[in-house]
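This short report looks at a chain one region and one residue at a time. Please keep the structure open while reading.

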Amino acid sequence: MLVVYANSNHPWNSTHQTLLLLQKCKTSNDLNQIHARMITSGFIKNTNFTSKVITNLSSSPYTPLVEFARYIFFARHAFRMGKKKREDPYLWNAIIKSYSHGVEPKQALIVFCLMLEIGVCVDKFSLSLVLKACSRVGLVKEGMQIHGLLRKMELGSYLFLQNCLIGLYVKCGCLEFARQLFDRMPTRDSVSFNSMIDGYVKCGNINSARELFDFMPTKEKNLISWNSMISGYVKLGDGFESAWELFEKMPERDLISWNSMIDGCVKCGKMNDAQALFKRMPKGMWSVGLI
């Protein structure tokens, strides 16, 4: 139970102090107490204050705080804003993110649909968040509808949105759609390439993955690119020599790189090579591997 002492920093004398107290809550009981005081103090009617509550609590690691932020949003903002304020999707995006990055990603799509229904202007961030949600739960049809909306709004030129779409199609196994989008992109980055390479690797099409890897500009290749190819070859069983070739060419390696190769050696019965690799492994990384 929260105990509030009467002093110059009394939370009911300041919205700032009230917000700080809210952030210290851990249980629903604590929140209920403060919510009641927010009502009696009149702070609940302060739009700037409730906006800060939503912004600060919607990304909290504590579920009760996130749920409280959502409650305040739907009770005080979602259906009570004037037309001018409804056009600003900032708070809506905060709530959608709390779902798309949380344990109920499907709810992000529901909030997004509500957003459209009541006339809130969606932006590129709204679209990226709902695409992430669709990707997490495999809602490819809904993702395609978002893709159509994105094109209608002429937001398709944003690289990070194109990458979201590629990630969605790859995650849902629609590699042809992903590749068509990839090939039409005027510019690509490491995320674009790595998503396609990972998709090909996971479906067992290692040759297409290698073609993209070789085509990928050197400046865009990172540890994710190299590790995806190495793990793909190792899983093939008969691709160990290709994995070894790439491993030796890597400009840098991490724990995943070393473990993939050692695992490949063991699976191929090359125990001497596995031991030799283990000895070559940097000691600091070896310690992390043990933990």
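## A residue in a helix

Is Asn227 buried or exposed? In this predicted model, Asn227 has a relative accessible area of 8%, and because buried means under 20%, Asn227 counts as buried.

Asn227 is placed in helix 14, which covers residues 223-236. When residues up to four places away in sequence are not counted, Asn227 touches Met250, Asp254, Ile256 and Ser257. With Ser257 there is also a polar contact, in which the side chain of Asn227 and the side chain of Ser257 come to 2.7 Å.

## Annotated repeats

An unreviewed UniProt entry carries the annotation "repeat: PPR" for residues 88-122, 189-219 and 222-257. The span of residues 88-122 is 69% helix and 0% strand, and its end C-alpha atoms lie 8 Å apart. For residues 189-219, the chain is 74% helix and 0% strand, with 9 Å between the end C-alpha atoms.

## Cysteines

How many disulfides does a search of the whole structure find? The search finds 0 disulfides. Cys121 shows why this residue has no such bond: the closest cysteine sulfur, in Cys113, is 16 Å from the sulfur of Cys121, which is too far for a bond.

The surroundings of two cysteines can also be described by their accessibility. Cys121 has a relative accessible area of 43% and is therefore partly exposed, whereas Cys25, at 0% relative accessibility, counts as buried.

How values were computed. Residues are numbered from 1 along each chain as its sequence is written. This is a predicted model: local features need pLDDT of at least 70, side-chain atom pairs count only at pLDDT 80 or more; totals for chains, interfaces and linings use all residues. Side-chain values use heavy atoms; hydrogens and water are left out. UniProt positions are given in the numbering used here, feature names are shortened, and annotations may be inferred rather than shown by experiment. Helices (H or I, at least four residues) and strands (E, at least two) are DSSP runs, numbered from the N terminus. A disulfide is a pair of cysteine sulfur atoms within 2.5 Å. Buried means under 20% relative accessible area, exposed over 50%, partly exposed in between (1.4 Å probe, protein chains only). A polar contact is a pair of N or O atoms within 3.5 Å; within protein, one must be able to donate a hydrogen and the other to accept it, and residues adjacent in sequence count only if both atoms are side-chain atoms. Contact means heavy atoms within 4.5 Å.
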